[in-house]
Amino acid sequence: MATSAGSIDANVLLRLLLNDVPEQHRAVQKLFETNTGQFVIADTAIIEMVFVLERYYKFTRAQINEAVEGLMSLVGITCDRELFAHALSLFVRHPSLSFEDCCLSIYAKLNAAMPLWTFDKKLANQAPNTKLVPAKS
């Protein structure tokens, strides 16, 4: 197993992807160049990054998919690639579902913890592995 170079938060990921703050972008690049270990990216950081890209930067779902796939292709990054590959696919196919909900649905499947119980009818109707909590009679 490769040694860890630490973790990276959503803000650092955004600077790396967007290059909207050139000084910070260069700092992140240098961080990658000077560390030989793997940077561990928490699920929360990627989910937060997607939220910001969609809501603040107005990226389309296709652009978000491309950005996250590009990030996951970096050799120096360790993240839950399987979760995000499947969640991104669901996210692109179902424009009314949030990325968070897509991740929850896929997480349930990958961890053999199905169904994902919800009160969200839209989620239950569009995402696999989900069921509505039965209404009390």
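Trainee: Which residue offers the backbone oxygen that the side chain of Q38 reaches at 2.9 Å?

Mentor: First, a word about what you are looking at: this is a predicted model, where local features need pLDDT of at least 70, side-chain atom pairs count only at pLDDT 80 or more, and totals for chains, interfaces and linings use all residues. Residues are numbered from 1 along each chain as its sequence is written, and side-chain values use heavy atoms, with hydrogens and water left out. The side chain of Q38 comes to 2.9 Å from the backbone oxygen of V75.

Trainee: Which residue's side chain is joined to that of Q38 by a polar contact?

Mentor: A polar contact is a pair of N or O atoms within 3.5 Å; within protein, one must be able to donate a hydrogen and the other to accept it, and residues adjacent in sequence count only if both atoms are side-chain atoms. Q38 itself sits in strand β2, residues 38-40 (helices, H or I with at least four residues, and strands, E with at least two, are DSSP runs numbered from the N terminus). At 2.9 Å, the side chain partner of Q38 is T78.

Trainee: Which strands are the edges of the open sheet?

Mentor: The sheet has 3 strands in the order β1-β2-β3, paired in parallel; two strands pair if DSSP finds at least two bridges between them. Between β2 and β3 there are 2 bridges, and V40 stands opposite T78 in β3. Pairing on one side only, the edge strands are β1 (4-7) and β3 (77-78).

Trainee: Is K58 buried or exposed?

Mentor: Find K58 in the loop between α3 (43-55) and α4 (61-72). Its phi is near 60°, a positive value in a residue other than glycine. Buried means under 20% relative accessible area, exposed over 50% and partly exposed in between, with a 1.4 Å probe and protein chains only. Because its relative accessibility is 62%, K58 counts as exposed.

Trainee: Which residues of α5 are met by residues of α3?

Mentor: The axes of α3 and α5 (residues 81-93) come within 12 Å and cross at roughly 25°, which makes α3 roughly parallel to α5. The α3 side of the meeting is made by D43, I46, I47, V50 and E54. On the α5 side are L83, F84 and F91.

Trainee: Which peptide bond is cis?

Mentor: Look at the loop between α6 (99-110) and β4 (116-118), where P115 has its place. With omega near 0°, the cis bond runs from M114 to P115.

Terms used:
Axes are lines fitted to C-alpha atoms, for helices over the stretch in contact, and angles run from 0 to 180 degrees between N-to-C directions. Angles under 35 degrees count as roughly parallel, over 145 as roughly antiparallel, 65 to 115 as roughly perpendicular and the rest as oblique. Contact means heavy atoms within 4.5 Å.
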